[in-house]
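Student: Could you show me how to read a model of this kind, feature by feature, beginning with the general idea and then turning to the case at hand?

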Amino acid sequence: MPIQINHGVKGKEFPPFAVTVERGKIKEFARAIGDLSPFYLDDAVGRASQWGDIIAPPTFPVSFHDEAAGTGALLKELGTDISRLLHGEQEFEHFKPIRPGDTYLCRTRIADIYEKSGKSGPMAFVVREMVVTDGDNDIVARVRHITVVRL
Amino acid sequence: MKYATVYFEDVEIGAEMPLLAKGPIRQIQLTRYAGASGDFNPIHQDPTFAKAAGMGDVFAHGMLSMGFVAQSVTDWLGVGSVQKLGVRFAGLVRLGDVITCRGKILAKRSAKEAGRGQGVVDLELWAENQKGEKVVTGRATVALLSREES
């Protein structure tokens, strides 16, 4: 029997959270991918660049989460467990570079939930959107994350 | 790695992105990626958990493959140039897989057409495993400098 998830959380906004980007975290993230660009890893190259410092790779905002707005919180809201999750789709829109030392505010909401039947059975698609803003209240990035729940 | 600037005028519609091959994927990379990203889902670390979840064995974080795809774009067109990157995870990446990132230019819009300071190109992107199976498909929009402005 397929499990049921709680569709009532569609539209839910999670508590905003702040992230201060650590220099070492950018480097750790780039190295984990195996992307050794000096614009991510070399402080001297960063200083001499148009940005005045190293910047983060395009997918770095995926590391912005906190307990009240993360996958654990989502699972609790949906009423399912982590073993059923797959990552369906992901999108980043970038408006400003992400730099070490800067503090960003992240606002996440569940934009949509819908169900479909695929070749591996019934699945629910949970669309989360996160808006990342900086100290000037400018939008730095928009992140769209579609989680698939195997029902 | 490439750091030279690719100018808007130099990129033609249909031009293919240089291939970027990543891997073979090892467990240690998945563990490093878990630490770096904060995604500690045991399905990427623990074969017993992955089997019990019906997935056969551990598999790579989709976001690791997306990181490879992002690198393929920035290696070619420059770090800091990606305005939009969206992907669908089309297949699982397993331990031992070699992932090749590919792409091509779909469209070009000059700064004037794009209504912004720089010209942009749209790319079709995909990544495939050593069997030629697509594991990621996607699109990107990338801003490029113009020779006229520089």
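Tutor: The turns below go through the overall build of one chain, the contact between the chains, a helix crossing, strand pairing and two backbone details. Please keep in mind throughout that this is a predicted model.

Student: Then let me begin with chain B: how many helices and strands are there in chain B, and in what order do the elements run?

Tutor: Chain B holds four helices and five strands, and when they are read from the N terminus on, the order is β-α-α-α-β-β-α-β-β. Its C-alpha trace spans about 60 × 30 × 25 Å along the principal axes, and of the 150 residues of chain B, 39% count as buried. Among the contacts in chain B with a separation of 6 or more, 65% are between residues 24 or more positions apart.

Student: How many residues does each chain bring to the contact between chain A and chain B?

Tutor: The size of an interface is often given as the accessible area lost when the parts come together. Here we count residues instead: chain A contributes 29 residues and chain B contributes 30 residues. On the side of chain A that touches chain B, helix 1 and strand 2 (85-94) each supply at least two residues, and the largest share, nine residues, comes from strand 2 of chain A. By class, that side of chain A comprises 14 nonpolar, 10 polar and five charged residues.

Student: What does strand 2 of chain A pair with in chain B, and in which sense, parallel or antiparallel?

Tutor: Strand 2 of chain A pairs with strand 2 (residues 82-89) of chain B in the antiparallel sense, over five bridges. Within strand 2 of chain B, the residue that stands opposite A:Gln90 is B:Val87.

Student: And how should I describe the way in which helix 1 of chain A and helix 1 of chain B cross?

Tutor: Two packed helices are described by the angle between their axes and the distance between the axes. The axes of helix 1 (residues 23-33) of chain A and helix 1 (residues 27-37) of chain B come within 9 Å and cross at roughly 155°. Angles over 145 degrees count as roughly antiparallel, so helix 1 of chain A is roughly antiparallel to helix 1 of chain B. The crossing of these two helices is left-handed. In this contact A:Glu28, A:Phe29 and A:Ala32 meet B:Arg32, B:Tyr33, B:Ala36 and B:Ser37, a set that divides into four nonpolar, one polar and two charged residues.

Student: Within chain A, how many bridges join strand 3 to strand 4, and how many join strand 1 to strand 3?

Tutor: Strand 3 and strand 4 of chain A run antiparallel and are joined by 13 bridges, forming a hairpin with two residues between the strands; A:Arg109 stands opposite A:Glu129 in strand 4 of chain A. Strand 1 (residues 17-20) of chain A pairs with strand 3 (residues 103-118) of chain A over four bridges, also in the antiparallel sense, and there A:Ala18 has A:Leu105 as its bridge partner in strand 3.

Student: Which backbone details deserve a look, for instance at A:Asn137 and B:Pro24?

Tutor: A:Asn137, although a residue other than glycine, has a positive phi, near 65°. A:Asn137 is found in the loop between strand 4 (121-133) and strand 5 (139-150) of chain A, and this residue is exposed, with 7 other C-beta atoms within 10 Å. In chain B, a cis peptide bond joins B:Gly23 and B:Pro24, with omega about 0°, and B:Pro24 is found in the loop between strand 1 (20-22) and helix 1 of chain B.

Note on methods: Residues numbered from 1 in each chain as written. Chains lettered and ligands numbered in written order. Predicted model: local features only at pLDDT ≥ 70, side-chain atom pairs only at ≥ 80, totals over all residues. Axes fitted to C-alpha atoms, helices over the stretch in contact; angles between N-to-C directions. Parallel < 35°, antiparallel > 145°, perpendicular 65-115°, else oblique. Left-handed = near helix turned anticlockwise from the far one by under 90°. Contact = placed C-beta atoms within 7 Å. Nonpolar A, V, L, I, M, F, W, Y, C, P; charged D, E, K, R; others polar. Buried ≥ 20, exposed ≤ 12 C-beta atoms within 10 Å, placed from the backbone. Pairing = 2+ DSSP bridges.
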